[in-house]
Amino acid sequence: MVSEGHPRYASLMLRNKLVEGYERGITSAHGLIAHGRGEAFDYLLGEQTSESARKATKVACAHLLTARFPVLSVNGNTATLVPDEIAELHAITGIPVEINLFHPSAQRIKRIADHLHAYGVANVLTGFDFIKLAHIASDRASVDKNGIFKADVVFVPLEDGDRAQALTELGKTVLTVDLNPLSRTAVASTVTIVDEVTRALKDLVSFAKHFESDGHQDELNLLKASFDNLENLKASYAIMQKQLRSLAR
Ligand code: ATP
C-alpha cells in the first residue's frame with residue numbers, strides 16, 4: 001500500500017491501473033512498456049500540466065466541437081487509464097469511439113468494447129468493417145469504414161508515428177496526446193497535447209463542457225486558426241531543458 005504522501009503517488013497509481021488492465025486483457029504487455037517511455041518525459045515536465053499543454057487541449061477541443069465527423073481512437077492504454085473521460089466526452093459531443101490496437105486480437109477488442117460499454121460508451125466501433133490505409137507496415141493500418149476512414153477530425157491519443165503520418169497525409173486533422181514532444185506522432189499531428197493522458201483528458205472534458213453551448217463559434221475558430229503546433233511543441237521541449245538544467249545543478 002503506497003501512502004498518498006509518496007512523491008510518486010499519482011504515477012504509481014497509474015502503474016497499478018495499467019497492470020490491472022493488463023491482467024484483465026485490456027492493455028497489452030507492449031502498452032506497459034510504452035507507458036514507461038511516457039513516464040520518463042513526464043518526469044521532465046515535473047508531472048504537471050504546462051500552460052502550453054493546456055492551450056493545445058483547448059485548441060483540440062475547438063477542433064472536436066467544430067468537426068463535421070470527429071472520431072476518437074482508443075487503444076488498450078487509453079481504455080484503461082481514462083474510461084470515465086472517454087464516456088464523458090462521448091456523452092457531451094456524441095463522438096464515436098473506435099478501437100484501434102497496435103497488437104490487435106479479436107478477444108482484446110471485445111474486452112475493450114465491453115469495458116467501454118460498461119462505462120456508458122454507446123457507440124463503439126470495433127474496426128471489423130475495415131479498410132487498409134496505405135504505407136503502414138503494422139496491423140494498425142486498418143481503420144473502420146464507418147469511423148476513422150470517414151472522419152475529418154481524428155483524436156488519436158498515444159498514437160504511433162506511422163499512423164499519425166498516414167492520417168495527416170489523408171488530409172485529416174489529427175489531434176493527439178503524447179508526452180514526448182520529439183516523437184513522430186507529436187511532430188506529424190495538427191495539434192499535440194504534451195501532457196499525461198489522464199490529466200489531458202480531464203482538462204479536455206472541462207473545456208468541452210464550457211464550449212459545448214452555442215455562442216462560442218468565433219472563439220473556437222480563432223483558437224484553431226491561431227495555433228502553431230511546432231511552436232507549441234518547442235514550449236514543452238523548453239520546459240524539459242530547463243528541468244534538466246536544474247537537475248544537473
Ligand atoms: P513515434 O512512432 O510517434 O515516434 P513511439 O514509437 O515512441 O513514437 P509508441 O511507443 O508507439 O511511440 O507510443 C508511446 C508514446 O506515447 C510515447 O511517445 C510516449 O511518450 C507516449 N505516452 C505513453 N504513455 C503516455 C501517457 N500516459 N500519457 C501521454 N503520453 C504517453
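User: Why does the pair made by a nitrogen atom of the ligand and a polar backbone atom of L179 count as a polar contact?

Analyst: A polar contact with the ligand is a pair of N or O atoms within 3.5 Å. The two atoms are 3.2 Å apart, so the pair counts. This is a predicted model, in which local features need pLDDT of at least 70, side-chain atom pairs count only at pLDDT 80 or more, and totals for chains, interfaces and linings use all residues. Residues are numbered from 1 along each chain as its sequence is written, and side-chain values use heavy atoms, with hydrogens and water left out.

User: What makes D178 and T185 polar contacts of the ligand?

Analyst: An N or O atom in the side chain of D178 is 2.8 Å from an oxygen atom of the ligand. For T185, a polar side-chain atom lies 2.6 Å from a ligand oxygen. Both values fall within 3.5 Å, so both pairs qualify. Taken alone, the ligand exposes 620 Å² (Shrake-Rupley method, 1.4 Å probe), and the protein buries 87% of that.

User: How do you know which residues are around the ligand?

Analyst: A residue is near the ligand if one of its heavy atoms lies within 4 Å of it. There are 17 residues around the ligand, and G161, D178, R184, T185 and E196 come nearest. Helix 2 (29-44) gives the most, with four residues; a helix is a DSSP run (H or I) of at least four residues.

User: Where does the ligand sit, and what does that word require?

Analyst: The ligand sits in the largest pocket. That is said because more than half of the ligand's atoms lie within 2 Å of the pocket's grid points. A pocket is an open set of points on a 1 Å grid over the protein atoms alone, with protein on both sides within 12 Å along at least five of seven lines.

User: What makes a residue part of the lining, and how many are there?

Analyst: A lining residue has an atom within 4 Å of a point. The largest pocket, with about 1100 Å³ of space, is lined by 46 residues. Helix 2 supplies the largest share, 10 residues.

Note on methods. Polar contact = N/O pair within 3.5 Å; in protein donor to acceptor, adjacent residues only side chain to side chain. 1 Å grid on protein atoms, 1.4 Å probe; cavity = no way out; pocket = protein on both sides within 12 Å on 5 of 7 lines; lining within 4 Å. Helix = DSSP H or I, 4+ residues; strand = E, 2+ residues; numbered from the N terminus. Points joined across faces, edges and corners; volume = space filled by probe spheres on them.
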